[in-house]
Amino acid sequence: MVFHHPFFIYKHNTNNEHRLSAVAPALHSTQCDGGSAKAEVSRIEYREMFIDEAKIWVKAGDGGNGCVSFRHEKYVPKGGPDGGDGGKGGDVHFLADENLDTLIDFTGKHHWRAKNGRPGSGNNRHGADGGDLVIKVPPGTLIYDAELELLLKDLNESGLKARICRGGRGGKGNKAFATATNQTPRNAEPGKEGQERNIRLELKLIADVGIVGMPNAGKSTLISRCSAARPKIADYPFTTTEPVLGIVELSDYRRFVMADIPGLIEGAHKGTGLGYEFLKHIERTRIIVHILDVMPVDGSEPAANYKTIRSELEHYSKALAGKQEVIVANKIDLDPDGKKVKALTRKLKKEIHPISAVTGKGVKELAELLWQEVKETKSESDGRSQ
């Protein structure tokens, strides 16, 4: 029995087992040992819908008005002006929070306002400043001015914070306008308006390794074998409809993040299939793992499939296509004598790493290789930044 909900699918089976199936990706980790698949321990798994774009309107707080007031006290004639200044309006900040991995919080709320500053009052009392508004977003979020299409900030690390709108300055009270020739000013400044912007948010997931390939090449099976990620796996194309992140953990506390996106097909850059719009989620990766099915069910040639995917990457981004690539031949359990892998190596004239994501053969060795490649690319990038 299945109960549908906008965010969840709640299943009840005859064994009185209940499961809350997610309709979006989450970040998982487990030990990658190339052995048998690990059984899921938890009965209930919660993951939010994956939203990677949002448009919102943000406004900083207005400054408080200055006050016109005069001191009235017994035995103090001509007390003079004592109007206080208004408080400053609150700023709007964006903060990258590692506990978030989707922009779903912005689907139901499109207007975000910081607090206004309070007006000044008599007896030279300054108005209270408005509280700042801190909007939390996932690491990897790009903040654009929607009207100018201008990138304001790339929050590509957890903990980064950016002020996007400045709060208005509080107005001066009449005390500030007192002079020797104008000892009883009857004017005060109004508070300045806070800045406002139409903002476009775009999320690009942060991972070390990105997996690409044709539908049903075994991308989801590989990430489920290496990590605790549990994407949907079936014997028909496009079972992966959203990006999936998994943390691959090795011995000696070594780890890296792997990202799986929906499969690419020929003509993806023209809108065919699902994977093209998700390629942005592997733009930040250091290494691309290109998975090839050595025995495609449609009878196609693995070498031709490789060239098709490379062409789609070139159409999307030269920078993405130029990233370091590791070619993996999957499903070698269907090629026991290795003829298909040898033929693929001759045609591509590139190094091929054979694995079977189903049986686990070669997976541990692949994970170790990827770790070394990630480590080397990090060292190179650190050396260039110094």
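A pocket, on a 1 Å grid over the protein atoms alone, is an open set of points where a 1.4 Å probe fits, with protein on both sides within 12 Å along at least five of seven lines; lining residues have an atom within 4 Å of a point. Grid points are joined across faces, edges and corners, and a volume is the space filled by probe spheres set on the points.

Before you start clicking, a word on the model. This is a predicted model, in which local features need pLDDT of at least 70 and side-chain atom pairs count only at pLDDT 80 or more, while totals for chains, interfaces and linings use all residues. Residues are numbered from 1 along each chain as its sequence is written, and side-chain values use heavy atoms, with hydrogens and water left out.

**Stop 1: the whole chain**

Show the cartoon. You should find five helices and 18 strands; helices (H or I, at least four residues) and strands (E, at least two) are DSSP runs, numbered from the N terminus. Of the 386 residues, 48% count as buried, where buried means under 20% relative accessible area, exposed over 50%, and partly exposed in between (1.4 Å probe, protein chains only). Now think about contacts, meaning heavy atoms within 4.5 Å. Among those between residues at least 6 apart in sequence, 72% join residues at least 24 apart.

**Stop 2: the largest pocket**

Select Pro139, Asn156, Ile206, Ala207 and Val257. Of the 25 residues lining the largest pocket, these lie nearest its centre. The volume of this pocket is about 770 Å³. Next, colour β14 (244-250) and β15 (254-260), the elements that give two or more residues to the lining. Which of them gives the largest share of the lining? That is β15, with three residues. By class, the lining has 12 nonpolar, three polar and 10 charged residues. Here Ala, Val, Leu, Ile, Met, Phe, Trp, Tyr, Cys and Pro count as nonpolar, Asp, Glu, Lys and Arg as charged, and the others, Gly among them, as polar.

**Stop 3: the nonpolar cores**

A nonpolar core is a set of buried Ala, Val, Leu, Ile, Met, Phe, Trp, Tyr and Cys residues joined through side-chain atoms within 4.5 Å. Select Val58, Val92, Phe94, Phe106 and Leu201, the residues with the most contacts inside the largest core, which has 42 residues. Apart from this core lies another, of 24 residues, including Leu250, Met258, Ile291 and Val326.

Then centre on Val58 and show its neighbours. Leaving out residues up to four places away in sequence, Val58 touches Val92, Phe94, Trp112, Ile135, Cys165, Gln195, Glu196, Arg197 and Ile199. In soluble globular proteins, nonpolar side chains tend to be buried together.

**Stop 4: two helices**

Select α1 (residues 219-226). Eight of its eight residues are buried, and they include the charged residues Lys219 and Arg225.

Now move to α4 (339-348). Its residues Val341, Leu344 and Leu348 are buried. Look down the helix axis: the buried residues of α4 fall within an arc of 60 degrees, so they line one face of the helix. The arc is that of the directions from the helix axis to the C-beta atoms. Turn to the face away from the buried side and you meet the exposed residues Lys339, Lys342 and Arg346. Among the elements covering the buried residues are β16 (287-293), α2 (302-316), β17 (324-330) and β18.

**Stop 5: two positive phi angles**

Most residues other than glycine have a negative phi. Step one residue past the end of α4 to Lys349, whose phi is positive, near 55 degrees. Lys349 sits in the loop between α4 and β18 (352-354). Is Lys349 buried or exposed? At 70% relative accessibility, Lys349 counts as exposed.

Jump next to Glu149, in the loop between β9 (141-145) and β10 (150-155). Glu149 has a positive phi of about 50 degrees and, at 49% relative accessibility, counts as partly exposed.

**Stop 6: pairs far apart in sequence**

Finish with some C-alpha to C-alpha distances.

- Leu203 and Thr102 are 101 residues apart in sequence and 7.6 Å apart in space. Leu203 belongs to β12 (residues 196-203) and is buried, at 0% relative accessible area.
- Gly213 and Arg310 are 97 residues apart along the chain, with 9.4 Å between their C-alpha atoms. Gly213 lies in β13 (residues 209-213) and is buried, at 1%.
- Ala176 and Asn124 are 52 residues apart in sequence and 9.9 Å apart in space. Ala176 is in the loop between β11 (161-165) and β12 and is partly exposed, at 48%.
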